[in-house]
Amino acid sequence: MNQENLLVGLAGVLAAAAPIIFAVLGETFSERAGVINLSMNGTILLSAMGGFAVAYNTDNIVLGFLAGMLIGALVALVVAFASITLKQSQVAVGFVLALTCRDLSYFLGNPYMGQAGPRLQSLPIPFLSDLPIVGPLLFKQDFITYVSFIAIILAWVWIYRTRPGLMLQGIGEKPAAAFIRGANVNLMRYVYTMIGGALIGLAGPAYSLAIRAGWMGTISGLDGIGWIALSITIFGGWNPSRAAFGAYLFAFLQWLGLVLQGVFTQVPSQVLQVAPFPLMILTLLLVNIGNAEWVERTLAAMPENARKIFAKALRAMRASPPAALGVPFDTD
Amino acid sequence: MNVELKNIHKHFGKTYANKGINLAIPAGTIQGILGENGAGKSTLMKILSGFIQADSGGQIILDGKPVTIHSPADAIHVGVGMLHQDPLDFPPMRVLDNFLLGRSGGLFPNRTAVARDFSLLAEKFDFSLDPDSYVDSLTVGERQQLEIIRLLWLGARILILDEPTTGISASQKTKLFATLKILAEQGMTVIFVSHKLEDVEHLCSQVAILRAGELVGEMKPPFSTTKLVEMMFGKAVTLGERLTAEVGDAILSLNNISLEDVRLKIKDVSLDLRAGEVIGLAGLEGSGQGMFIRACSGLVRPVGGRVQLKGHDLTGKSYHTFKNAGVNFLPAARLEEGLVPGLSLTDHFVLAEQPKGIFIDRAAGEKLAEDRIKSFNIRGTPLSTVESLSGGNQQRAELALLQTPLSMILLEHPTRGLDIESVIYIWAKLKERCKQGAAIIFISSDLEEVLQYSDRVLVFFSGKVSPPIDAATTSVEQLGQLIGGKGWPEKGGSHA
């Protein structure tokens with residue numbers, strides 16, 4: 001493979017990861033606030049279909065993306081209302097919504113099956129796209145991929161560097177402590193769940209109006225993406241940059257599978273298609289290794305200086321779920 | 001700031017947690033609020049700090065002005081800050097983030113400026129807190145210190161502390177008291193909520209006593225302990241004589257056992273424990289006593305040495321083998337390790353007593369539960385879930401669940417957070433077990449409890465274990481010094 005092909009391939013990986021990035025960031029916001037939005041898989045399908053339908057009928061691609069976000073926010077509103085106000089199980093509600101939204105998208109999407117609709121064109125950025133290597137890799141993408149780059153940075157800065165983001169961490173960790181620091185816990189949970197839902201809803205049109213333009217119903221190949229995004233959120237330790245790493249890793253492994261199919265023709269193609277999944281799990285387990293007890297033991301046996309450095313590195317890598325994830329908040 | 005509470009009522013369902021409370025606290029006072037568990041102390045303080053709202057009709061007046069406090073944010077706005085019993089902070093976040101969280105300001109907090117304020121305040125009170133460390137690596141005492149300077153930074157003029165001396169070390173307590181005295185001298189109003197007479201007498205310049213939701217009396221120094229106790233419980237309670245059961249046959253013998261975990265190593269400890277004997281384990285939290293008691297229960301395997309129970313070698317055997325041999329262990333975290341939240345008292349007795357067969361005999365279970373509730377004086381019904389019981393009643397339930405007969409009972413902080421009446425009750429029940437031939441090993445951070453109820457004491461200091469000390473001839477001061485690492489022989493290890 002020559003350099004040009006490689007760059008095109010890798011640029012494709014970045015684009016293919018964009019929808020997963022949105023979904024993962026959306027779920028991260030929602031879960032950081034303490035609400036598990038398990039409807040993600042259905043939401044992505046429904047917003048992909050809805051976004052395509054709106055863009056097709058209005059011939060306006062921007063409206064298509066907005067429609068996807070609106071659908072995502074509305075599904076999230078159902079999750080939020082059921083779990084925050086009605087204090088029902090987030091898992092049960094989210095799971096049912098995941099199935100309902102998926103089937104709804106197949107049913108409502110029938111008229112649009114296989115129709116040719118609008119598609120987002122790539123938007124090379126002047127000057128920057130002429131740079132060697134970085135240019136074709138980063139600056140010859142379509143608009144929504146640029147948005148995904150910016151979204152990662154914004155989400156990270158918001159959560160770790162801003163005042164409201166710090167409070168967001170607190171709300172998911174110990175709502176009572178956030179409450180005594182002046183947070184309106186339940187309102188914030190609504191807000192973040194819906195913002196998260198809107199981001200998840202952006203993932204749908206990012207497929208149906210860009211990477212895999214069009215609506216193909218059950219053979220769209222979108223079913224399952226939501227579940228993968230959910231696990232990337234968890235392995236990503238509810239941290240936008242690590243979650244983004246997970247999303248890129250996944251897209252990269254999928255691409256690698258395709259490439260290797262051409263090289264190892266004797267290996268059944270299914271093996272290479274499935275390979276990204278276990279590889280993904282393995283890599284992410286390695287990232288989270290600091291949690292294991294034997295690692296602690298090994299650390300304890302190290303000389304003082306080395307131990308301190310390693311412990312610090314592992315502590316920074318370590319992730320634990322927001323302690324109040326899935327727990328309703330009451331002041332009594 | 002002058003605080004005046006007028007006619008404060010609060011009810012939950014049919015029960016009144018606070019009934020018409022009137023209290024005036026002048027600025028610069030350290031006001032003690034004394035009462036047994038469930039007397040309504042925490043409710044009153046949560047009302048003042050905005051965590052919950054009082055029933056209508058009452059008034060809170062600060063410096064002569066009536067204020068309405070609807071939320072903790074309102075409270076801190078008018079200058080009321082509260083340290084909750086379980087620190088309300090964020091363990092996985094850094095100290096500095098915890099410190100600045102909740103302070104209003106621009107979108108991007110200026111961390112350098114915040115860090116400067118932080119270290120100024122920490123220095124002022126001689127707290128050594130690393131702003132970059134994570135809160136989950138701090139002790140409870142350090143988390144309190146963090147919370148105190150955070151509230152001061154937010155402009156608190158009234159500081160409420162709910163049971164602050166539970167779970168902190170003796171030296172941290174000394175520092176806390178010194179800090180509170182300085183704050184009071186500067187005109188701060190400190191409200192110190194506790195059920196520990198000793199702490200209140202030591203620190204407070206006036207005390208209000210609550211019982212069953214009502215203010216039953218106030219007192220200024222010099223305090224009379226008897227009177228305070230009488231007001232707290234409505235009757236006189238005494239600690240009673242030191243009880244010593246007759247010592248019988250050897251129950252447990254440890255022969256040169258060594259233990260180790262990630263943090264600590266304990267080497268070559270030998271001990272002979274006889275029936276009817278009580279051994280107290282003293283030391284700062286995490287000095288090895290937790291590992292030691294777990295080794296006696298079979299939960300931790302020693303890396304060297306032998307463990308014998310009534311002459312049988314149980315070295316390296318499982319917890320179940322120990323349990324079948326009559327060893328019961330009550331860990332400190334009652335709801336996490338000792339009891340099953342969500343299950344009723346009946347369920348617990350059924351689980352503990354009916355190990356055979358698949359089906360549950362509910363009627364018999366309920367009867368059993370009723371009997372035990374009566375004989376252990378538990379405030380609850382057979383159908384009450386364990387988490388709905390108060391701490392003291394949970395502890396009684398745990399005692400009621402102990403097997404009979406038993407050869408050894410291991411307890412971790414058996415009376416932590418309980419009022420004196422429950423403490424006396426629980427020890428009376430335990431001493432009864434001693435008379436029946438059980439031996440007891442317990443961990444406590446309350447030195448007076450250790451000396452009052454044990455026959456011999458082992459002191460732990462960062463993995464070193466003292467030889468057994470006779471409790472009757474040791475003073476609290478001597479014990480305190482050993483715990484702090486003073487007066488140890490040069491060489492580690494010990495033999496009895």
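In this predicted model, strands β1 (residues 3-12) and β2 (residues 15-25) of chain B lie antiparallel to one another and are paired through seven bridges. One pair to look for along this ladder is His11(B), whose bridge partner in β2(B) is Tyr16(B). The two strands make a hairpin with two residues between them, and Gly13(B), in the turn, has a positive phi of about 60°. Strand β1(B) also has a second neighbour, β4 (residues 59-62) of chain B, to which four bridges join it in the antiparallel sense. Here Leu5(B) is found opposite Ile60(B) of β4(B).

These strands belong to domain 1 of chain B, which spans 3-233, and so does helix α8(B), at residues 225-233. Three residues of this helix, Val229(B), Met231(B) and Met232(B), are buried. The three are on the same side of α8(B), because the arc that they cover around the axis is only 165°. Several elements of chain B contribute to the cover over the buried residues of the helix, including strand β3 (30-34) and helix α7 (197-203). Strands β9 (206-211) and β10 (214-219) of chain B are also among them. Just after the helix comes Gly234(B), with a positive phi near 75°.

Domain 2 of chain B is made of two segments, 250-326 and 403-483. Within the former segment, a four-stranded open sheet is worth a closer look; its order is β12-β11-β14-β15 in chain B, and its pairing is antiparallel. Strands β12 (265-274) and β15 (312-313) of chain B form the edges, each pairing on one side only. Helix α9 (residues 289-297) of chain B packs on this sheet, where it touches β11 and β12 of chain B. The direction of α9(B) makes about 125° with that of β11(B).

Inside the sheet, β11 (residues 250-260) and β14 (residues 304-309) of chain B run antiparallel and are joined by five bridges. In this pairing, Leu252(B) has Leu309(B) of β14(B) as its bridge partner. From β14(B), two bridges lead on to the antiparallel strand β15(B), with Gln308(B) opposite Asp313(B). The hairpin of β14(B) and β15(B) has two residues between the strands, and Lys310(B) in this hairpin takes a positive phi near 50°.

How do the two domains of chain B meet, and how many residues of each are in contact? Seven residues of domain 1 touch nine residues of domain 2. On the domain 1 side of this contact there are two nonpolar, four polar and one charged residues. The centres of the two domains, taken over C-alpha atoms, are separated by 35 Å.

Chain B also meets chain A, in a contact that takes 17 residues from chain B and 21 residues from chain A. On the side of chain B that touches chain A, 13 residues are nonpolar, two are polar and two are charged.

How values were computed: Residues numbered from 1 in each chain as written. Chains lettered and ligands numbered in written order. Predicted model: local features only at pLDDT ≥ 70, side-chain atom pairs only at ≥ 80, totals over all residues. Pairing = 2+ DSSP bridges. Axes fitted to C-alpha atoms, helices over the stretch in contact; angles between N-to-C directions. Nonpolar A, V, L, I, M, F, W, Y, C, P; charged D, E, K, R; others polar. Buried ≥ 20, exposed ≤ 12 C-beta atoms within 10 Å, placed from the backbone. Arc of directions from axis to C-beta. Domains from an automatic or database assignment.
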